[in-house]
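Hi,

Here is the structure I promised to pass on. Have a look at it first, and my notes follow right below.

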Amino acid sequence: MAKFQAPKGVSEYVPDRSNYFEYVRSTLIESARNSGYQLIELPVFEDTELFTRGVGESTDVVRKEMYTFEDRGGRSITLRPEGTAGVMRAVIEHNLDRGQLPVKVFYSGAFFRAERPQAGRYRQFYQVGIEAIGLSDPLIDVEVIAVADRAFKALGLRKYHLEITSLGDLLTRENYLKDLRSYIEELPLDEETRTRASLNPLRLFDDKRSEIRELMQKAPVLMNYLTEESRADFESVKSLLKRLGIAFSVNERMVRGLDYYTGTAFEFVHSELGAQSGIGGGGRYDGLMEQLGGQNLSGIGFGLGIDRVLLACEAEGIAVPENEKLDLYIVPLGTGDESLIIAEELRSRGLRVDLAFGERALKGAMKAADKSGAKYSLVLGADELSSDVVSLKEMNSGESESVTLSSLATTLIEKISNLGEHS
Ligand code: HAM
């Protein structure tokens with residue numbers, strides 16, 4: 001029978017690399033939790049219209065990349081291509097916007113876009129995202145950016161930079177789009193491109209074709225149309241980022257791939273990832289809540305691509321820290337039952353413990369201990385059991401010391417907390 005394979009272009013993580021994935025994800029989440037963001041756990045599928053209305057009909061995401069299907073009740077359902085529209089739907093549905101503002105939430109999970117797969121671009125990929133809804137203030141813009149920056153720094157990443165821009169408020173947009181449309185009207189465009197531009201002229205800045213890029217070189221730049229208020233907000237964002245020591249550059253021509261953005265928008269770009277260099281991005285969205293049937297409140301957030309952050313960590317040679325690994329690996333020699341009982345006891349004390357299963361020769365079992373990456377190992381044979389003393393081996397140094405079985409848990413806990421202090 002032919003072997004099954006995962007569908008084309010999905011990312012998946014199996015041991016050992018899955019440990020690395022888990023470490024990256026939890027570090028990104030930790031930064032959000034540190035700043036008071038709380039978990040929001042939402043369905044991976046929603047009504048299709050939520051995305052067509054929320055993300056925007058002119059975007060590649062909606063036009064070409066959605067996994068849309070009819071469910072058994074004849075409803076049009078779409079696998080979520082991004083997280084913000086769903087969060088907004090839930091905030092409105094559960095009246096979270098009637099309580100304390102801003103609503104600060106984080107999420108983590110799988111997202112789906114039918115893109116052409118390549119390194120760092122997948123059809124199922126993973127994001128950690130945050131949204132702060134109900135406050136329009138440069139302070140929260142900077143907080144959101146700082147959460148991402150702090151997460152990347154906590155992972156030890158260095159070869160990334162932050163690009164920011166302001167897409168202005170709704171009035172800025174109106175004035176700017178008027179001029180941009182007139183500019184585009186004069187361009188020699190094919191029918192499809194013209195249709196796309198009529199839905200959202202900003203999309204032409206996103207076009208990969210060199211002839212279109214060239215034509216757009218001389219197009220008016222949004223930054224020159226910012227209202228006084230938008231300009232002042234943007235200045236505040238920049239000066240606060242500087243005070244926090246978060247380096248950035250202003251990219252006047254940044255176009256985000258989703259339509260809901262207004263005001264501050266940003267992208268984190270990693271220099272070692274080739275074409276798919278965006279490790280995270282986000283921005284403010286003034287009109288989204290109203291667009292989805294809620295009140296008129298603004299919000300800001302980001303999505304960080306866990307897959308790409310992981311690739312970036314690997315490219316920079318960042319290793320999973322010691323304390324993420326196993327504490328102890330037990331090699332039983334004919335003492336399966338007792339070994340499992342000891343392992344369970346240690347586990348219930350909060351230690352991470354694994355053991356060799358099956359009747360294996362000592363050599364093979366020691367290899368498994370090495371491979372497990374555990375900090376310590378011990379062999380448990382009949383002699384150790386009868387003498388109540390084991391030889392606890394520190395795997396890095398290869399040094400061993402004798403420990404009584406009854407003091408094993410306390411000794412290990414002490415040793416490991418000392419390791420933590422020194423690492
Ligand atoms: P986005 O820029 O479309 O924004 O995606 C955020 C991040 O997800 C990207 O920077 C990238 O790292 C990752 N990503 C996107 N598509 C793929 C893919 N096909 N394969 C692998 N990684 C990918 C959003 O999704 C917005 N919802 C972010 C946001 C939240 N804006 C405001 N709030």
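β15 and β16 pair in the antiparallel sense over five bridges (strands here are DSSP runs of E of at least two residues, helices are runs of H or I of at least four, both numbered from the N terminus; two strands pair if DSSP finds at least two bridges between them). Lys393 has Ser400 in β16 as its bridge partner. Five residues separate the two strands, which form a hairpin, and Gly398 in the turn shows a positive phi of about 80 degrees.

Before I go on, the small print: this is a predicted model, where local features need pLDDT of at least 70 and side-chain atom pairs count only at pLDDT 80 or more, while totals for chains, interfaces and linings use all residues. Residues are numbered from 1 along each chain as its sequence is written, and side-chain values use heavy atoms, with hydrogens and water left out.

Back to the hairpin's surroundings. It belongs to an open sheet of five strands, ordered β13-β12-β14-β15-β16 with mixed pairing. β13 (353-355) and β16 (400-404) sit at the edges with a single partner strand each, so one side of each has no neighbour in the sheet. From one strand to the next, the twist averages 30 degrees (axes are lines fitted to C-alpha atoms, for helices over the stretch in contact, and angles run from 0 to 180 degrees between N-to-C directions). On its other side, β15 (residues 389-394) pairs with β14 (residues 376-380), in the antiparallel sense over two bridges; Tyr376 has Glu394 in β15 as its bridge partner.

Two helices lie across this sheet. α12 (residues 336-348) lies across β12 (328-332), β13 and β14, at about 170 degrees to β13 (contact means heavy atoms within 4.5 Å). α13 (residues 362-372) lies across β12, β14 and β15, and runs at about 170 degrees to β12.

There is also an open sheet of eight strands, in the order β1-β5-β6-β11-β10-β9-β7-β8, again with mixed pairing. Its edge strands, β1 (38-39) and β8 (249-250), each pair on one side only. Inside it, β7 (residues 160-166) and β9 (residues 262-270) pair in the antiparallel sense over seven bridges, with Val269 in β9 as the bridge partner of His161. Helix α5 (residues 138-155) lies across β5 (103-112), β6, β7, β9, β10 and β11, at about 15 degrees to β11.

Now the part you will probably want for your own work, the ligand. Which residues come nearest to it? Of the 28 around the ligand, they are Glu82, Glu115, Glu131, Tyr261 and Gly278 (a residue is near a molecule or strand if one of its heavy atoms lies within 4 Å of it). β6 (124-133), β10 (278-285) and β11 (299-305) each supply at least two residues of this shell, and β10 has the largest share, with seven. By class, the shell holds nine nonpolar, twelve polar and seven charged residues (nonpolar: Ala, Val, Leu, Ile, Met, Phe, Trp, Tyr, Cys and Pro; charged: Asp, Glu, Lys and Arg; polar: the others, Gly among them).

As for polar contacts (pairs of N or O atoms within 3.5 Å; within protein, one must be able to donate a hydrogen and the other to accept it, and residues adjacent in sequence count only if both atoms are side-chain atoms), here are three:

- Glu115: a side-chain N or O atom is 2.6 Å from a nitrogen atom of the ligand.
- Tyr261: a side-chain N or O atom is 2.6 Å from a nitrogen atom of the ligand.
- Tyr260: a polar side-chain atom lies 3.1 Å from a nitrogen atom of the ligand.

The protein covers 95% of the 660 Å² of accessible area that the ligand has on its own (Shrake-Rupley method with a 1.4 Å probe; for residues, only the protein chains shown count as cover).

Finally, some backbone details to check if you set anything up from this model. Most residues other than glycine have a negative phi, and most peptide bonds are trans. Here, the bond from Pro15 to Asp16 is cis, with omega near 5 degrees; Asp16 lies in the segment before α1 (17-34). The bond from Leu101 to Pro102 is cis as well, with omega near 0 degrees. Pro102 is in the loop between α4 (84-93) and β5. Asn95 is found in the loop between α4 and β5, and has a positive phi of about 55 degrees although it is not a glycine.

Cheers
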